[in-house]
Amino acid sequence: MYPDRVVSGMRPTGALHLGHYHGALKNWVRLQSELPCLFFVADWHALTTHYDDPSLIETSTWDMLIDWLAAGVDPSQATLFIQSKVPEHAELHLLLSMATPLGWLERVPTYKDQQEKLADRDLATYGFLGYPLLQAADVLIYRASQVPVGDDQVPHIEMMREIARRFNHLYGKEKGFEEKAQEAVKKLGSKRAKLYNELRTEFQQQGSEDALGQAKAMLDDAQNLSMIDRERLFGFLEGSRKLILSEPQALLTEASRLPGLDGQKMSKSYGNAIALREDKDVLSKKVRTMPTDPARVRRTDPGDPDKCPVWQFHVVYSDDATRQWVGKGCRSAGIGCLECKQPVIDAIVKEQEPMHERAQQYLDDPSLVRAIVADGCDHARKLAQDTMRDVREAMGLSYS
């Protein structure tokens with residue numbers, strides 16, 4: 001019904017590191033050449049855990065945008081913007097909150113999990129409880145078709161789908177809807193109208209997802225339908241309501257296999273991270289001082305790569321020949337730990353060299369980043385306003 005579109009965001013809570021790059025940014029760079037993409041700085045989301053000290057957010061916002069550009073996110077292919085610069089996000093969040101059951105928010109798996117992990121923070125706030133709803137507004141306002149997430153975020157996408165479904169059920173009612181839908185069917189032409197009715201019957205009576213898919217594809221191809229008629233026919237397929245908000249799909253992304261320097265998850269708060277634009281000498285020192293297999297007390301002691309955090313970096317950065325050399329050399333004590341680490345250092349330095357080059361122009365002239373974001377905010381806001389126009393009308397708030 002709506003164009004395929006990818007939406008994703010990141011909270012500006014500190015410097016980006018290689019875990020962010022391998023876990024998300026590499027995927028963004030790939031997606032931007034395949035589909036229209038909107039990538040946003042989720043600064044309101046940062047307030048859910050940093051509301052008592054927001055001083056970090058502004059600096060982190062601009063640093064993170066430079067990191068995105070350094071990683072290869074291209075503003076000529078993707079839209080980059082800041083969440084709080086598009087106030088329609090907040091309006092849709094407010095309107096969705098009026099009809100979202102409290103239990104839906106309380107059952108989100110990450111709610112209690114994050115409260116336990118962040119026990120040092122006061123998270124007994126609506127902002128923290130309601131962040132999945134704000135997250136839903138971030139996506140639904142652009143009628144996104146796909147959202148790149150890891151396995152742990154799939155429940156959030158499912159909740160977005162439920163919220164969109166509930167909104168359409170509550171507010172997609174239209175006086176004389178069936179008659180208007182039947183008139184829209186006639187606009188398809190006799191052959192397509194007959195096929196549409198057959199597929200609709202097959203889906204509604206037999207639950208055929210294949211029939212539903214065929215009907216939706218046919219409507220996508222129909223060039224002579226207005227947007228309002230298209231909304232009616234998509235809704236008529238599944239019931240008797242217009243589809244105002246579309247249900248996004250989770251675009252599963254492979255979890256980053258890159259651990260922190262100590263083998264735990266890479267995190268700035270753990271002190272085990274390598275920054276996305278790390279100084280070359282600092283990078284070398286960090287890797288050279290990484291802990292290795294505890295069994296290798298002396299240079300002559302054999303080790304086990306599977307018990308060494310450095311090996312996970314080889315899995316990500318080294319080719320087969322290097323990995324074979326490392327495995328054999330470690331188990332036989334034929335190479336020392338510093339020898340093992342050098343190819344990792346070389347590979348990360350090589351990966352980061354173009355990032356430093358791309359970032360430098362924005363560091364030299366910060367106005368370039370602000371211009372990119374200004375353009376991105378304008379584009380995002382136009383899309384958001386289109387959605388909010390339909391939402392307000394459906395909820396009786398247009399007052400036209």
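In the predicted model, Pro54 occupies the loop that joins helix 2 (43–50) to helix 3 (55–71). With a relative accessibility of 43%, Pro54 counts as partly exposed. The C-alpha atom of Pro54 lies 42 Å from that of Ile228, a residue 174 positions away along the chain.

The chain as a whole contains 18 helices and five strands. Its C-alpha atoms fill a box of roughly 85 × 45 × 40 Å along the principal axes. Of its 400 residues, 48% count as buried. The exposed surface of the chain amounts to about 19,800 Å², and carbon and sulfur atoms supply 50% of this area. Among contacts with a separation of 6 or more, 78% are made by residues 24 or more positions apart. The chain carries 50 positive and 58 negative charges, and the mean positions of the two sets are 2 Å apart.

Side chains of opposite charge can pair when their charged atoms come close. A search of the whole structure yields 22 salt bridges. One of these pairs joins distant parts of the chain: Arg392 belongs to helix 18 (residues 367–394) and Glu91 to helix 4 (residues 88–97), with their positions 301 residues apart in sequence. The N to O distance in the salt bridge of Arg392 and Glu91 is 2.8 Å. Arg392 is partly exposed, its relative accessible area being 26%, and Glu91 is likewise classed as partly exposed, at 25%.

Other salt bridges are local. Asp229 pairs with Arg232, with 3.0 Å between the closest N and O atoms. Both residues lie in helix 13 (residues 227–238), and because they are three residues apart, about one helical turn separates them. Asp229 is buried, since its relative accessibility is 4%; Arg232 is also buried, with a relative accessible area of 12%. The Asp229 and Arg232 residues belong to a network of salt bridges that also links Glu174, Lys180 and Lys187.

A salt bridge in helix 16 (residues 320–331) has a similar spacing in sequence: Asp320 and Arg323 are three residues apart, and therefore about one helical turn separates them. An α-helix has 3.6 residues a turn, so residues three or four places apart point the same way. The side chains of Asp320 and Arg323 meet at an N to O distance of 2.5 Å. Arg323 is partly exposed, with a relative accessible area of 22%.

Arg323 is also among the residues touched by His314, which lies in helix 15 (residues 309–317). His314 is buried, at 0% relative accessibility. Leaving aside residues up to four places away in sequence, the contacts of His314 are with Thr322, Arg323, Val326, Cys340, Pro343 and Val344.

Helix 10 (residues 177–186) includes the buried residues Phe177, Ala181, Ala184 and Val185. Viewed down the helix axis, the buried residues of helix 10 fall within an arc of 105°, and so they line one face of the helix. Glu179 and Lys186 are exposed on the other side of helix 10. The cover over the buried residues of helix 10 includes helix 11 (190–206) and helix 13. Helix 13 is also the site of the Asp229 and Arg232 pair.

Positive phi values occur at two residues described here, Arg143 and Ala333. Arg143, which is not a glycine, has a phi near 50°. This residue is placed in the loop between helix 8 (131–140) and strand 4 (146–149). Arg143 counts as buried, with a relative accessibility of 7%. For Ala333, also not a glycine, phi is about 60°. Ala333 lies in the loop that connects helix 16 with helix 17 (337–364). At 12% relative accessibility, Ala333 is buried.

Note on methods: Residues numbered from 1 in each chain as written. Predicted model: local features only at pLDDT ≥ 70, side-chain atom pairs only at ≥ 80, totals over all residues. Heavy atoms only, no water. Salt bridge = Lys/Arg side-chain N within 4 Å of Asp/Glu carboxyl O. Helix = DSSP H or I, 4+ residues; strand = E, 2+ residues; numbered from the N terminus. Buried < 20%, exposed > 50% of the residue type's maximum accessible area, 1.4 Å probe, protein only. Contact = heavy atoms within 4.5 Å. Areas by Shrake-Rupley, 256 points an atom, 1.4 Å probe, with all protein chains shown as cover. Lys, Arg positive; Asp, Glu negative; His and termini not counted. Charge placed at Lys NZ, Arg CZ, Asp CG, Glu CD. Arc of directions from axis to C-beta.
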